[in-house]
Amino acid sequence: MVDFDVVSLPETDHVAEGDTAPDFTRPLVNGEYWEDRALDDVVDGPTLLLFHPMDGTFQGTYLYNTVDDHGWSDDLDVLGVSISTPYAHKRLLAERGDGVRIFSDPGAAVVEEYGLAHEIDGMTGITESRPAVFLLDSDRTVEYAWVASEHPEFPDAEAIGDAVADLVD
């Protein structure tokens, strides 16, 4: 088994509970195609917004496997955001993330706006997202927020499930 060093991430001024999630427009990918969409246009009810590192990383795989295992996309919209290309998102969605759509943010501007930018050691000039979960209501108000404070770190699926249940019930 691969041994990983756990690294503390610096403090960040990220989007928090009670904030309005910033709007943005990026290519939104589903299993078949993609098109430029604004977050404000696609949030019309409870929405789980997941930020993750590049597609293919174990953190992204874990997040979408967790979405599938808990059936969250049956109860609300699940949207992802990462710096990967729409082509990479299509490959990811072919394998996992049933019912999920993912925004492509290759320049990491959305990641930076949300306060989630993370420089990758050994990859000069590449910025990706630290893992984060935001549960939004229909007005994009953040009802639940979790942001990784170390790498690697994974969200508490039970806490997310409880927050989802509180919002959709």
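Two strands pair if DSSP finds at least two bridges between them, and strands here are DSSP E runs of at least two residues, helices H or I runs of at least four, both numbered from the N terminus. We're working on a predicted model, where local features need pLDDT of at least 70, side-chain atom pairs count only at pLDDT 80 or more, and totals for chains, interfaces and linings use all residues. Residues are numbered from 1 along each chain as its sequence is written, and side-chain values use heavy atoms, with hydrogens and water left out.

**Exercise 1.** Work out how β4 and β5 pair, and place them in the sheet.

*Solution.* Start with the pair: β4 and β5 run in the parallel sense over five bridges. Pick out one of them: Leu49 has Leu79 in β5 as its bridge partner. Now zoom out: the open sheet has seven strands, ordered β3-β2-β6-β5-β4-β9-β10, with mixed pairing. Its edges are β3 (34–38) and β10, each pairing on one side only.

**Exercise 2.** Is Thr47 buried or exposed, and what does it touch?

*Solution.* First, locate Thr47: it sits in strand β4. Next, check accessibility: Thr47 is buried (under 20% relative accessible area, 1.4 Å probe, protein chains only), because its relative accessible area is 0%. Then follow the side chain, which reaches the backbone oxygen of Gly45 at 2.9 Å. Finally, list contacts (heavy atoms within 4.5 Å): leaving aside neighbours within four places in sequence, Thr47 meets Leu76, Asp77, Leu79, Phe134, Leu135 and Leu136.

Methods
Buried < 20%, exposed > 50% of the residue type's maximum accessible area, 1.4 Å probe, protein only. Polar contact = N/O pair within 3.5 Å; in protein donor to acceptor, adjacent residues only side chain to side chain.
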